[in-house]
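Colleague: I should like to go through the terms used for this model one by one. For each, please set the value against the criterion and then conclude.

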Amino acid sequence: MSVVTDSPVHSSGSDDFIDYLNEALDASSPNSSSDEEAENQDEFEDLSRNKRRKLESTEETEGSTSEGIVEHKLVVAESSIVKVDGCTHPGTFGKLCISCGEILDGESGVTFGYIHKGLRLHEEEISRLRNTEMNTFLFSKKLFLVLDLDHTLLNTTILGQLSSEELHLLNETDSLEDVAKGSLFKLEHMHMMTKLRPFVRTFLKEASAMFEMYIYTMGDRPYALEMAKLLDPQGEYFNAKVISRDDGTQKHQKGLDVVLGRDSAVLILDDTEHAWMKHKNNLILMERYHFFASSCRQFGFNCKSLAETKSDENETDGALAKILEVLKQVHCTFFEKLQGDLVDRDVRQVLSSVRGEILSGCVIIFSRINHLALPTLKRIAEQLGATCLTELDPTVTHVVATDAGTEKARWAVKEKKCLVHPRWIEAANYFWEKQPEENFFIKKTTTQS
């Protein structure tokens, strides 16, 4: 194999990167030993030295070996990244250039360790790959979808943290021999139990027809890969596109800098907004899935878990089913309803537009809402298309309060306006549709103000 001519510099996308590196380095599993990694590095260096000697020989005997001259010209002409006077080093594996094999000093670029340990790509190569991926998937009418794991697609607990009312689960787990048919798994080697969210298999299957999908979790890499096996046992959806906290470039933050898709074509599904501070406009915030008691405690909920009540989310009307419909709507709007070239379209604008229709026409005023919660509620309501006022007005359609005894609440009752709890706004935000007000009415109290 030629390190230069078969380099990822000339590949068509991230999957080609993976295939190339696996072949060139005889890559095995992520748990390969240090000896194996050293052998891979030695192999890469041998290939690189042979290639450089061949090119140097070609230059010294110019005209004497037509095959060498043709090969050298092809290397120079095959990619705009390679200049006539030498390689611009689009990336490195260890300290070796992935294109010419030269040993380089220092580290630069972005780490793509989830593709292959030790791989770094420079901005020009990342941009080239993103453009290639963009063209490839837009032609196939696909966008990119980044999926969180915990509380979004599944819920995991430590076996020792099962409550007394959850111990019955130990005898109800599904076989790891046929993962595709199960949803509750005991992972003895990790001392964990994982419950897949209802509808997740249908969700992944249908979403994969519209999106190139990544997993991105704040869990460590062994955990991420184990969960990927449960969700995608046949490797149909994610391939090597499994990103863990070990692969990120910022501590306690997730970023699209390690995703080979343009920001304008990426949607994110996650239950934690503050994990995506730089990409909030790409984010679809997910209602958290709390199957285990430890999950409820983690977020301060003093209530029984789904497992303790021996219940679960609705398969066909739960969170994932609702969000799948949103994804279909965004996908359809992006490809079928927008004008102009596909490459110039921005899925973030589509997402904002769809979100802005949810509470369109609603005029809201808040009454006695905690001053810390009020700014967030107001922001969400306005993002959903509502108009928020600070003074009573005949145009008001909804009074949002936690107490039916306030002046504004009594006014709402008198004027036959909707008096709803703040959870009405929160539910609309999670389910991406206006919720029935009667499910969130405030009960009368004797409080006066």
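Colleague: How do you know that strand β11 and β12 pair, and in which sense, parallel or antiparallel?

Modeller: This is a predicted model, and in it β11 (residues 266-270) and β12 are joined by three bridges in the parallel sense. Pairing requires at least two bridges, so the criterion is met. One of the bridge partnerships is that of Ile268 with Leu283 in β12.

Colleague: What makes β10 and β12 edge strands?

Modeller: The open sheet has five strands in the order β10-β9-β5-β11-β12, with parallel pairing. β10 (242-243) and β12 (283-285) each pair on one side only, and they are the edge strands.

Colleague: Why is the pair of Tyr216 and Trp276 called edge-to-face?

Modeller: The ring centres of Tyr216 and Trp276 are 5.4 Å apart, with 80° between the planes. Centres within 6.5 Å make a pair and planes over 60 degrees apart count as edge-to-face, so both conditions hold. Tyr216 belongs to strand β9 (residues 211-216) and Trp276 to the loop between β11 and β12, so the pair ties together parts that are 60 residues apart in sequence. Tyr216 and Trp276 are both buried.

Colleague: Why is the pair of Tyr289 and Phe291 called tilted?

Modeller: For Tyr289 and Phe291 the centre-to-centre distance is 6.2 Å and the angle between the planes is 35°. Stacked planes are under 30 degrees apart and edge-to-face planes over 60, so the value of 35° leaves the class tilted. Both residues are buried. Eight aromatic pairs are found in the whole structure, and Phe112, Tyr114 and Tyr214 form one aromatic cluster.

Colleague: Why is His151 called buried?

Modeller: His151 has a relative accessible area of 8%; buried means under 20%, so the term applies. This residue lies in the loop between β5 (143-147) and β6 (154-158). Beyond four places in sequence it touches several residues, including Arg197, Asp271, Glu287 and Phe299.

Colleague: What makes the approach of His151 and Ser295 a polar contact?

Modeller: The side chains of His151 and Ser295 are joined at 2.9 Å. The limit is 3.5 Å between N or O atoms, so this distance satisfies it.

Colleague: His89 and His191 both have a positive phi; which of them is buried and which exposed?

Modeller: Phi of His89 is near 55°, and that of His191 is about 55°. His89, in the loop between α3 (66-78) and β1 (91-93), has a relative accessible area of 17%, under the 20% limit, and is therefore buried. His191, in the loop between β7 (184-187) and β8 (192-196), has 53%, over the 50% limit, and is therefore exposed.

Colleague: Which residues touch the most other members of the largest nonpolar core?

Modeller: Phe203 and Ile425 do, in a core of 98 residues. Helix α8 (residues 319-337) gives the most to this core, with ten residues. Beyond four places in sequence, the contacts of Ile425 include Ile364, Phe366, Leu377 and Val400.

Colleague: Where does pLDDT stay under 50?

Modeller: One such stretch is residues 1-12, with 49 contacts beyond four places in sequence in the model. Another is residues 26-34, with ten such contacts. The protein chain averages a pLDDT of 85, and 80% of the residues score at least 70.

Definitions and conventions:
Residues numbered from 1 in each chain as written. Heavy atoms only, no water. Core = buried A, V, L, I, M, F, W, Y, C linked by side-chain atoms within 4.5 Å. Buried < 20%, exposed > 50% of the residue type's maximum accessible area, 1.4 Å probe, protein only. Helix = DSSP H or I, 4+ residues; strand = E, 2+ residues; numbered from the N terminus. Contact = heavy atoms within 4.5 Å. Polar contact = N/O pair within 3.5 Å; in protein donor to acceptor, adjacent residues only side chain to side chain. pLDDT = per-residue confidence, 0-100. Phe/Tyr/Trp six-rings, centres within 6.5 Å; stacked < 30°, edge-to-face > 60°.
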